[in-house]
Amino acid sequence: MNGNEFIYKTDTNSTILEDGSFTWRAPSNIALVKYWGKREVQLPENPSLSFTLSNCFTETTLEFKRAKEAPTVSEPDGSTDFEQTLVQKVFKFDVFLDGKRKPEFEKKIGDFIVRVGKLVSFISDYDFIIKTHNSFPHSSGIASSASGMAALSLCIMSMEKALNPSMSEELFYQKASLLARLGSGSAARSVKGELVVWGEHSNIQGSSDLFGVEFPHKVHENFKNYQDTILLVDKGEKVVSSTVGHNLMHGHPFAQQRFKQANENISKLSEILQNGDLKAFVNLVESEALTLHAMMMTSNPYFILMKPNTLQIIDKIWKFRATSGSNVCFTLDAGANVHVLFPSNEKKLVNDFIERELVDFCQKNEYISDSVGSGAKQM
Ligand code: PMV
């Protein structure tokens, strides 16, 4: 499989679509085994595994209307001219965030369209309005790229499904994840399922570098409705973007060892998720978070995304775990915010602890209570 099998083609059952709209709500996700390091185009250097979230989501409506004088862009021949034409002359879209026009998002979406254009060439026949809304504040330090790219990709796939109604559900979701991945790597994991693996791994049947798949094994009760409280430590812009960070893994002195470790951790976590070993879960998840940040600190140029309050929180969590016997643990993404993870039967215990000891380390005492969700929904 190299991605070419996902190129849009009309078939005998194809229909004509004049205008309409599709709306999808796609969740954010938090990686337990981290993706850090990529090769062209948006392919991961190692497999990753994430919990899908529930309350943190992007809802996007894609309104489309067949363009009056639609320039016909025939089957692309691989020339870059096709890409240029597609964005500059053909693909017309306006983007609104919470009702306000956002020209600054248009560049990002334009880049995405260049990448996915060959796979969904029908988009060149339409004019679009994209209306989007995040459930979490824009300045919360929570990346909207995963949920945002997933929601937009699903809307585009709904158009493809309307044009080719015989498309299977499996192909629909695989291609939605593949398109999302081309927008933002971790977005591949924001489409379907509670636990999602993205990246080929020998122990995960059906896994692929091209798209995310649902974790294929039965998950232990201990991990049902797992809780994730996101402590908003720093809501500012990241000093180093994840694109720059991923690229710093090229030639990184510990990169190969890290990619090997992530593969091993997927095998270990797969066992843990099935046997319910919470202590082993805590150990693996925290080690993954700190390894991610260790990669940042040992790249060149080196950088630190944690803030003093990130470390204060980690210290408090370790002390609380030692004295209470709780299975609470933390993970981090590429930023200073802390994701506090715990089983649902510890909700009261851990929520009290967060209120008592951790909120003071959050900007304006803000945090978001979330839990595992099942994936994107069409609205
Ligand atoms: O999807 P990106 O390119 O923003 O990369 C995200 C990388 C991490 O959040 C740090 C880890 C992960 O697997 O989500």
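Me: Does Tyr 226 count as buried or exposed, and how do I tell?
Reply: Look at the relative accessible area; under 20% means buried. Tyr 226 has 1% relative accessibility, so Tyr 226 counts as buried. Keep in mind that this is a predicted model.

Me: Where in the fold is Tyr 226?
Reply: Find the elements on either side. Tyr 226 sits in the loop between β9 (212-214) and β10 (227-231).

Me: How far is Tyr 226 from Glu 288, in sequence and in space?
Reply: Those are two separate readings. Along the sequence, 62 residues separate Tyr 226 and Glu 288. In space, their C-alpha atoms are 18 Å apart.

Me: How many residues of the protein are buried?
Reply: Here the value is a share: of the 379 residues in the protein, 54% are buried.

Me: How many helices and strands are there?
Reply: The protein has nine helices and 14 strands. To judge the overall form, compare the radius of gyration with the globule rule. Both are 21 Å for these 379 residues, so the protein is as compact as a globular protein of that length. Along the principal axes, the C-alpha atoms fill a box of roughly 70 × 45 × 40 Å.

Me: Which residues come nearest to the ligand?
Reply: Start with the shell of residues around the ligand. There are 13, and Tyr 35, Ser 186, Arg 189, Ser 242 and His 246 come nearest. Sorted by class, the shell holds five nonpolar, five polar and three charged residues.

Me: What atom pairs link Tyr 35, Ser 184 and Ser 186 to the ligand?
Reply: For a polar contact, look for N or O atoms within 3.5 Å of each other. In Tyr 35, a backbone N or O atom is 2.9 Å from a ligand oxygen. Ser 184 uses a polar side-chain atom, 3.1 Å from an oxygen atom of the ligand. For Ser 186, a side-chain N or O atom is 2.6 Å from a ligand oxygen. As for cover, the ligand on its own has 380 Å² of accessible area, and the protein covers 90% of that.

Me: How many disulfides does the structure have?
Reply: A disulfide is a covalent bond between the sulfur atoms of two cysteines. A search of the whole structure gives zero disulfides. Cys 56 is in none; its nearest cysteine sulfur belongs to Cys 362, 14 Å away. Cys 56 is also buried, at a relative accessible area of 0%.

Me: Why is the sulfur of Cys 329 not bonded to that of Cys 362?
Reply: The test is distance, with a cut-off of 2.5 Å between sulfur atoms. The closest cysteine sulfur to that of Cys 329, in Cys 362, is 17 Å away, which is too far for a bond. Cys 329 is buried, with 0% relative accessible area.

Technical notes
Residues numbered from 1 in each chain as written. Predicted model: local features only at pLDDT ≥ 70, side-chain atom pairs only at ≥ 80, totals over all residues. Heavy atoms only, no water. Near = heavy atom within 4 Å. Polar contact = N/O pair within 3.5 Å; in protein donor to acceptor, adjacent residues only side chain to side chain. Areas by Shrake-Rupley, 256 points an atom, 1.4 Å probe, with all protein chains shown as cover. Nonpolar A, V, L, I, M, F, W, Y, C, P; charged D, E, K, R; others polar. Buried < 20%, exposed > 50% of the residue type's maximum accessible area, 1.4 Å probe, protein only. Helix = DSSP H or I, 4+ residues; strand = E, 2+ residues; numbered from the N terminus. Rg over C-alpha atoms; globule rule 2.2 N^0.38 Å.
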